[in-house]
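Please open the structure in your viewer and keep the selection tool at hand. The tour below proceeds one selection at a time.

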Amino acid sequence: MKVLVTGAGGFLGVHVVERLLAHGYTDIRCFLRDSGKTERLLTLPESHSGPKLELCYGNLRSKSDCALAVADVSLVIHLAAGLKGAPAELFADSVVASRNLLDALEERDGIPIQETRVVLVSSFGVYGAAALPRGTLIDEGTPLEEHPELRDTYSHSKLRQEQLFRDYQQKAGFQLVVLRPGVIYGPGGGAFSSRVGLQIGPVFFHLGGSNLLPLAYVVNCAEAIVLAAGHPAAAGQVYNVHDDDLPTASRYLREYKRHVKQMRSIRLPYFATRMLARFLEAYYRRSQGQLPAIITRYKAAAAWGGNRFDNAKLHTLGWSQLVATPDAMAKTFEHLRRQDARRQ
Amino acid sequence: MSLKIAIVGCGKIADAHVEEIRKIPSVHLCAVCDLEPIMAEQLAVRYSVPQWYSDVAKMLEAERPDVLHITTPPQSHLPLTEQALAAGCHVFIEKPIALRYSDAQAIIAAAIAAGKKLAVNYWPRFEAPALELRRLHESGVLGNPVHVESSIGYDLQGEFGMALRRDPQHWVRRLPGKLFQNVLDHVLNKITPFLEDENPFIQAIAWQAEAAAGEGGSDELLDELRVMIRGAQVSAYATFSAHARPVGQILRVYGTKNTAHVDYIARTVVLERKQTFPSALGRLFPPFLAAKDHLRQGLKNVNSFSHARFHFFDGMRRLLEDFYLSIEKDSPPPIDYGEILRVSAMMERIFEQVYPEVRA
């Protein structure tokens, strides 16, 4: 079985390819945009015997590149997405690119699309968390966001991407598996999710407080994706992906300060965040956007309202944490500490 | 009467157009359009635009807008302008106006023939410091201009720069002047008010200071440009740099009386005055006079900020207000067509020198 991994050169992609190799997949096409991101991929087969890694460079915004990417594959793991940048770029990289990929799957010769499994890596951002009371358990049955335009553009684009995949699935009949990771972290990733807080100028505003942080260590997340990709019961299903032993945002920040570096932070309780958001919204409206409304009450409720999380459904696939949370945090912080030392 | 505005092209710059249009009470945005329906939809959803289309002909037919903003890549500006004019629209075009000078001529000629107004988005020209410079020039404070230096910085690590570096098929790469063509309007259109020659001497050199290795291959993408221009009365230097920091936008106008230094990022205009005190005393005062100018400008900016007139694209809002007013009053558009053509002609001659295939 030939497997296509889009975004294979990215932070998560390399680990997904590694887990595919570990699970015995031997024919993997790694699709990546930047030729500078191949170094880690090329070292992977050394630790596994007999696999075939095919590196395929291109841009999913290009229909012809998509056609090359999907030729002869019967399993697609779609990781590529816009993570930051202008809204138009995010939609082009996440939604237009996905549409091109799905069109290419529909239009190709050879393997019928009905015999193809497509694994979409989505996001927790698609849930309508702003409308939920504090402490609500978020699981796969939680309603999706009804007002994506009020959220950050990343969440908006991921929700639109999911809708697109569902539309195509109903039309074309392929097997769709959707995974919604929480905060993916690990060596090579960022230091802070906005769920912990926001760096504004020289000060870090700690907004997450005692909220649980839905962390998914990158190796554990990759393992979940590969398990779901190969599990017969996963067809048509959605899985939340996060680790079992979740720290609070304040514990994460405390450990960061202890193991990486000291930094100035100001903790804002949730009610103060809401008041700040109310002020910023009013100023945004009055000044017609002279300063961006980086915090709104709606975004605040979604990011810092405080929820509980459930990954029981993921466990039904036989998933378990490969790396325990204390070890995962230690590895992440060690990497961040070295990175910080190199910068200095 | 409220003008109906529509936009074709829903890429990054369309956000700025939508935001500035929404600040003008006398107009309303009725629809947006993009060949790629997902892009049209996302813009409409994010800004609550009533309608979106993926076919510009259908949009023009259904919405009958008074003004069409063309924010597509410049390859399509000429046919879209012709289509809009045929539908009875005035046209506001994102820079660069066209791929080639001949297309720019055709666009302007078509607008004149149709009896419709046209403007190109030379928004920095309508920023507060640019207006102050114009006042200094027109009131004779500078004397006669002798030389102009216009420079612009560019961050290849920024949002647009990264998108360009990563995508070998990016539309900017297909422009005859590549990266320079997407930016040089804002360098040259600050020179043309002072240098009015139709056919000045132009000498340009360009090079690549840093190869974007591993970013999708940008070997052909030059990222440093220097241009010397000489007219009958005034000379100019034009500079584009992707590596000088901070990323700035500076204009210096040397006059026979005084020299003006305009910083478009900090939004300051500082006058360097002729010395009036003798000897060492003459060297003592200039820093204090400059400090006074900076303080005055800083306070002016605080005042603008406090009155919510300090947006990034404030110049675009002002330009649009002037453009829409010229439509309502049937008065001359805010940017002279001859100047638009002179900028386009200069750009073409520069690209012929730095990308020889353009000449071919």
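**First stop: a sheet in chain A**

Select strand S2 (residues 27–32) of chain A together with S3(A): six bridges join these strands, which run parallel. Within this pair, A:Asp27 stands opposite A:Lys52 in S3(A). Strands here (E, at least two residues) and helices (H or I, at least four) are DSSP runs, numbered from the N terminus. Two strands pair if DSSP finds at least two bridges between them. Strands of a sheet pair through backbone hydrogen bonds, either parallel or antiparallel.

A word on the source: this is a predicted model, in which local features need pLDDT of at least 70 and side-chain atom pairs count only at pLDDT 80 or more, while totals for chains, interfaces and linings use all residues. Residues are numbered from 1 along each chain as its sequence is written, and chains are lettered from A and ligands numbered from 1 in the order in which they are written.

Now extend the selection to the whole sheet. In what order do its strands lie? The sheet is open, has seven strands with parallel pairing, and follows the order S3-S2-S1-S4-S5-S7-S12 in chain A. Its edge strands, each pairing on one side only, are S3 (52–57) and S12 (238–241) of chain A. From one strand to the next, the twist averages 20°.

Next, add helix H1 (residues 11–22) of chain A, which packs on the sheet and touches strand S1 (2–6), S2 and strand S4 (75–78) of chain A. The direction of H1(A) makes about 165° with that of S1(A); angles run from 0 to 180 degrees between N-to-C directions, and axes are lines fitted to C-alpha atoms, for helices over the stretch in contact.

**Second stop: a helix pair across chains**

Select helix H4 (residues 87–107) of chain A and helix H2 (residues 37–47) of chain B, which pack at about 135° with their axes 10 Å apart. H4(A) and H2(B) are therefore oblique to each other (angles under 35 degrees count as roughly parallel, over 145 as roughly antiparallel, 65 to 115 as roughly perpendicular and the rest as oblique). Residues making the contact include A:Phe91 and A:Val95 of H4(A) and B:Ile38 and B:Met39 of H2(B); residues are in contact if their C-beta atoms, placed from the backbone, lie within 7 Å.

**Third stop: a helix pair in chain B**

Finally, select helix H1 (residues 12–22) and helix H12 (residues 314–329) of chain B, whose axes come within 9 Å and cross at roughly 60°. H1(B) and H12(B) are therefore oblique to each other. Here B:Ala16, B:Glu20 and B:Ile21 in H1(B) meet B:Met316, B:Arg317 and B:Leu320 in H12(B).

Conventions: Two residues are in contact if their C-beta atoms, placed from the backbone, lie within 7 Å.
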